[in-house]
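Please open the model in your viewer and keep the selection panel at hand. The tour proceeds from one selection to the next.

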2 protein chains.
Amino acid sequence: MTEQKETTRTRLSRARVLEAAIALADEAGLEAFSMRALAQELGVVPMALYKHVANKDELLDGMVDIVFGEIELPSGDADWRSAMRRRAVSTREALTRHGWAIGMMESRRPGPANLRNHDATMGALREAGFPFEVAIHAYSVQDAYIYGFALQERDLGFETPDSAGAAARRRADAIDAREEYPHLLEIATRLPDVGYDPSVEFEWGLDLILDGLDSLRPD
Amino acid sequence: MTEQKETTRTRLSRARVLEAAIALADEAGLEAFSMRALAQELGVVPMALYKHVANKDELLDGMVDIVFGEIELPSGDADWRSAMRRRAVSTREALTRHGWAIGMMESRRPGPANLRNHDATMGALREAGFPFEVAIHAYSVQDAYIYGFALQERDLGFETPDSAGAAARRRADAIDAREEYPHLLEIATRLPDVGYDPSVEFEWGLDLILDGLDSLRPD
DNA sequence: GACCATAGGCGTACGGCGTACACTTGTCAA
DNA sequence: TTGACAAGTGTACGCCGTACGCCTATGGTC
């Protein structure tokens, strides 16, 4: 028979490496994400990766910029408020899909998608009439809120309406002295009842901020 | 002579380990923070640490709870707004001192200082008259903003009034296609002039949020 | 079709990490 | 003085990122 290379493996490429890297980080988390594990996932020896990325750091840079690329840019058509709102919602969604990226969005060498995103966002605010300094403030509050919310959402494990209650209860149970913390107890007991939807929660705070900003806009 | 042990080294203790660990993480950063480096700092062999902490994870838990302990609890005396404001400012300050802790405040097994902080904060909101669900929302926005701001502050390197401009310029310079991103260029050029104080920036957004919350309070 | 430069993938090896396990040494109560 | 128990040590293992040199498959040229 001598079937020639029954598995003529598709060649590696930077794009394939990045894609597999994101998939691995998504499902295994950042701690379990190693060059060696990634190589295995790709059916290749660890050092093969280094023909396509300079090192792990540069790989992470590339991964983060892909996440930035998944974020909806503020469209010039819509009014500033809904443009900002859509961008914020889309950012949180991307960060929910890629929890590993949350702490890295602004800490690495910015890629093209990052720059485009920041430029477009600042542009939308300026064109909405915010003076430079107010635009800086407005940008700062929004991004701090978005990143912080994503961080909390990931860390507190409030994923589904009532896993939130479960998580709260777990935290309360972790310490047995429940009666020492009456308000934590209230959270653990009442949160499951009132229900908790992270999207609703996110948008509640987002709208509070956007309302505040709107009242500062000239005209 | 035979001076007995000229350096009768003070015994190790959990407290000494934690203190040295925080000092090391503060000055060397989280990546350079290793059990081996910490041991060396304490003039001891790595495995000696394990007589005082279970493992690195549990050590980090302890470090984070010490950071929580440095945060001012909302006092029952003041009105809710200034109590929340002081807590927020104090949290940001603690996180600025201990940048390594930012991503870990809510991700680890909560220690006593953590629980006390959360309970007291939720309590202050409830006693201010916020209904349960609104109090949850109010808590969520504030903490998301605080943690997110601390994260940005650390990652963007906007430490001093004009290192902010320098950092912005550095980011703009990192890519040479400056004219492709006019609004980033504006930031790089104008930010040094208008000055940038992270405390002012933080409190601007904080007040925006607190004002929004105040308008929702019953009475 | 034959040849060869080059890019892609491999194997080995090194120093650093967290920490298991068995040991020696120091300390303090009896 | 003694002996038990706590504190500190030494060695070793399996991970990690990645430098370096080798082999091999690929595709352009004749």
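Which elements of chain A each supply at least two residues of the surface near DNA strand D? They are α2 (35–41) and α3 (56–69); helices are DSSP runs of H or I with at least four residues, numbered from the N terminus. This is a predicted model, in which local features need pLDDT of at least 70 and side-chain atom pairs count only at pLDDT 80 or more, while totals for chains, interfaces and linings use all residues. Residues are numbered from 1 along each chain as its sequence is written, and chains are lettered from A and ligands numbered from 1 in the order in which they are written.

Remain at DNA strand D and select α2(A), which gives the most to this surface, with three residues. In total, 16 residues surround the strand; a residue is near a strand if its C-beta atom, placed from the backbone, lies within 6 Å of it. The closest are A:Ser34, A:Met35, A:Asn55, B:Leu12 and B:Met47.

Next, select DNA strand C. Among the 16 residues around this strand, A:Leu12, A:Met47, B:Ser34, B:Met35 and B:Asn55 come nearest. Here α2 (35–41) and α3 (56–69) of chain B give two or more residues to the surface, and α2(B) has the largest share, three residues.

Now select A:Tyr145. Leaving aside neighbours within four places in sequence, A:Tyr145 is in contact (C-beta atoms, placed from the backbone, within 7 Å) with residues of chain B including B:Val141, B:Ala144, B:Tyr145 and B:Gly148. Its contacts in chain A are A:Gly205, A:Leu206 and A:Ile209.

Finally, colour chain A by pLDDT, the predictor's confidence in each residue, from 0 to 100. The mean for chain A is 91, but over residues 1–8 the pLDDT is below 50.

Terms used. Two residues are in contact if their C-beta atoms, placed from the backbone, lie within 7 Å.
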